[in-house]
Amino acid sequence: MSVIKTLEWTDAGVRFIDQTKLPTEEVYVTCKTYEEVANAIKTMIVRGAPAIGVSAAMGIALGVRDSKAQTADELAPELERICKVIGATRPTAVNLFWAIRRMQGKFAQLRDKPVAEIKRQMVAEAQRMHVEDIAANEAMGKHGAVLLPSRGSVLTHCNAGALCAAGYGTALGVIRAAVESGKQIHVFADETRPFLQGARLTAWELMKDNIPTTLISDNMAGAIMRQGKINAVVVGADRIAANGDVANKIGTYTVAILAKEHGIPFYVAAPISTVDLETPDGSKIPIEQRASTEVTHMAGKQIAPDGVVVENPAFDVTPHEYVAAIITERGVARAPYAESLKSLVEAD
Ligand code: MRU
């Protein structure tokens, strides 16, 4: 399997593969300040819920490391400012807020230590989150691989691969683990309008690993399911509410309904950091609205009339009734999710 370095800590700053340039250019950018990291999250140089979480932690660590504060008391309000900037980037992926809370908690533990020690440990915490994320994805892969057929096709939406995380991937991690265990899996990747994460990122990532992949436009999924070509659907998540409702890339809800209609299991793979027990159900999940140009333009070329009214919600919510199982690093949750998710979260 190829090793894709989605993001990494370096002494010069946080280094990202620029996902806005893939698949035609494989270029890397190094963000040297926390403001640059915030901008990389906002502009989707880095994207995908777990990757956003780890990037946020590394951005905070960078801001703390480069602070001129002499004491923890001087550093505290600065940390709050850094967290505010990082927290204002993308609203839906709860991993962002989970990462901020974890870094704030770490600072609180270190409050009586010398500033140099605080800086060192904050950087180490962000690096630990990077390592933990990859381990979580690998564990998720093992739990999820058994759910896939020994030979068959799996449809996925958006990019829930190594590029959406510190590495390995959530939904694609499950597919990778199934392939590693000897299963013969063919992937159907939805192109994922309007930002085309499926066409640009999932197809690129799976081809790099020689996993057989067919790219389809989003509106082909129903017909392909009806032809009996899909055995399972696996997607990622940006936030899972306490009752099991799942926010994920716009178009996921449509895929879930199609899957139910055709009797195909619809699985969600996500780390525990994506489960938000404080949000009771999907109606309370904030949905990011993005620029209308993502819809009116493709690869910089205008495809819609000037001045057309556009809606561009980046995510939708799939009600829990459509979800056959939620695969996490701590095991597989099934309905009733209010109970199964709570016990996995509390199994820490
Ligand atoms: O807007 P994006 O590209 O950040 O959206 C990403 C998704 O919707 C992914 O499916 C989700 O983050 C899960 S990735 C593990």
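Contact means heavy atoms within 4.5 Å. Keep that in mind for this tour of a predicted model.

**Stop 1: the sheet.** Select helix H5, residues 115-145. H5 lies across strand E10 (266-269), strand E15 (325-328) and E16. Its direction is at about 145° to E15. Now show the whole sheet. The sheet is open, with seven strands in the order E6-E5-E4-E7-E10-E15-E16. Pairing is mixed. In general, strands of a sheet pair through backbone hydrogen bonds, either parallel or antiparallel.

**Stop 2: the edges.** Pick strand E6 (213-216) and strand E16 (331-333). Each has a single partner strand, so one side of each lacks a neighbour in the sheet. Look along the sheet: from one strand to the next, the twist averages 25°.

**Stop 3: E5 and E6.** Select strand E5, residues 184-190. E5 and E6 run parallel, joined by four bridges. Click Val187: its bridge partner in E6 is Thr213. Next, add helix H7, residues 197-208. H7 lies across strand E4 (151-156), E5 and E6, at about 160° to E5.

**Stop 4: the nonpolar cores.** Show the side chains of Phe16, Val37, Ile60, Ile86, Met103 and Met122. These have the most contacts inside the largest nonpolar core, which has 43 residues. Among the elements giving two or more residues to this core are strand E1 (7-10), helix H3 (72-87) and H5. H2 gives the largest share, eleven residues.

Which residues touch Met122, beyond its neighbours within four places in sequence? Met122 is in contact with Ile60, Ala61, Val64, Leu79, Met103, Lys106, Phe107 and Leu110.

Finish at a second, separate core of 27 residues. Select Ala221, Ala237, Val255 and Ala333, which are among its members.

Definitions and conventions
Residues are numbered from 1 along each chain as its sequence is written. This is a predicted model: local features need pLDDT of at least 70, side-chain atom pairs count only at pLDDT 80 or more; totals for chains, interfaces and linings use all residues. Side-chain values use heavy atoms; hydrogens and water are left out. Two strands pair if DSSP finds at least two bridges between them. Axes are lines fitted to C-alpha atoms, for helices over the stretch in contact, and angles run from 0 to 180 degrees between N-to-C directions. A nonpolar core is a set of buried Ala, Val, Leu, Ile, Met, Phe, Trp, Tyr and Cys residues joined through side-chain atoms within 4.5 Å. Buried means under 20% relative accessible area, exposed over 50%, partly exposed in between (1.4 Å probe, protein chains only).
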